[in-house]
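Please open the model in your viewer and keep the sequence panel beside it, since each stop on this tour begins with a selection.

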Amino acid sequence: MQSDAEYIKRDVAELRADSRDVRDRLARLEERVAHLPGKGFIIVVVTTALVITGGLITIAPKLQALLQSPIARG
């Protein structure tokens with residue numbers, strides 16, 4: 001009976017140590033997640049990239065014609 005109690009005490013001590021380790025890991029994970037970009041930022045960046053790409057595709061023929069004009073060769 002006494003040796004069983006010693007094993008139980010040892011196991012409880014290990015569980016406490018493990019729970020502290022889990023809490024520390026969770027705190028570090030929460031800190032890392034807090035630094036990730038938010039959904040709004042990602043939407044703004046993707047939308048801006050699409051607008052810039054669309055604008056460049058729209059003016060690309062005009063730029064090409066301008067670069068091939070006789071004045072540009074001058």
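A residue counts as buried when its relative accessible area is under 20%, as exposed when that area is over 50%, and as partly exposed in between. With that in mind, select Val12, which is found in helix α1; its relative accessibility is 34%, and Val12 therefore counts as partly exposed. Keep Val12 selected and add His35, which is 23 residues away in sequence and lies 35 Å from Val12 in space, C-alpha to C-alpha.

Before going further, colour the chain by confidence, for this is a predicted model. The mean pLDDT of the chain is 89, and 95% of its residues reach 70 or more. Among the elements of the chain, α2 has the highest mean pLDDT, at 94, whereas helix α3, residues 70-73, has the lowest, at 61.

Next, show the charged side chains. Side chains of opposite charge can pair when their charged atoms come close. How many salt bridges does the structure hold? There are three salt bridges in the structure, and they can be visited in turn.

Start at Arg10, whose side chain meets that of Asp11 in a salt bridge with an N to O distance of 3.2 Å. Arg10 also forms a salt bridge with Glu14, where the closest N and O atoms are 3.7 Å apart. Both Arg10 and Glu14 lie in helix α1, residues 2-34, and they are four residues apart, about one turn of the helix. An α-helix has 3.6 residues a turn, so residues three or four places apart point the same way. As for exposure, Arg10 counts as partly exposed because its relative accessibility is 43%, Glu14 is partly exposed with a relative accessible area of 43%, and Asp11 is partly exposed at 35%.

Now move along to Arg25 and Asp21, whose side chains meet in a salt bridge at 3.7 Å, N to O. Is Arg25 buried or exposed? Arg25 has 55% relative accessibility and so counts as exposed, while Asp21, at 35%, counts as partly exposed. Arg25 and Asp21 are four residues apart in helix α1, and therefore about one helical turn separates them. Select Arg10, Asp11 and Glu14 together once more, and note that salt bridges with shared partners join these residues into one network.

The following stop is helix α2, residues 39-68. At 1.5 Å a residue, the 30 residues of α2 should span 44 Å, and the C-alpha atoms at its ends are 43 Å apart, which agrees with that expectation. Which residue marks a bend in α2? Select Ile59, where α2 bends by about 40°, and then Pro61, a proline that follows within four residues.

Finally, switch on the surface and select Phe41, Ile42, Val45, Val46 and Leu50, which make a nonpolar surface patch of about 490 Å². Within this group, Leu50 deserves a separate click: this residue lies in helix α2, and Leu50 counts as exposed because its relative accessibility is 60%, above the 50% cut-off for that class.

How values were computed:
Residues are numbered from 1 along each chain as its sequence is written. This is a predicted model: local features need pLDDT of at least 70, side-chain atom pairs count only at pLDDT 80 or more; totals for chains, interfaces and linings use all residues. Side-chain values use heavy atoms; hydrogens and water are left out. Helices (H or I, at least four residues) and strands (E, at least two) are DSSP runs, numbered from the N terminus. The expected span of a helix is 1.5 Å times one less than its number of residues. The bend at a residue is the angle between axes fitted to the seven residues ending there and the seven starting there. Patches are made of residues with over 30% relative accessible area and no salt bridge: like charges are joined within 9 Å, nonpolar side chains (Val, Leu, Ile, Met, Phe, Trp, Tyr) within 5 Å. Accessible areas come from the Shrake-Rupley method with a 1.4 Å probe; for residues, only the protein chains shown count as cover. A salt bridge is a side-chain nitrogen of Lys or Arg within 4 Å of a carboxyl oxygen of Asp or Glu. Buried means under 20% relative accessible area, exposed over 50%, partly exposed in between (1.4 Å probe, protein chains only). pLDDT is the predictor's confidence in each residue, from 0 to 100.
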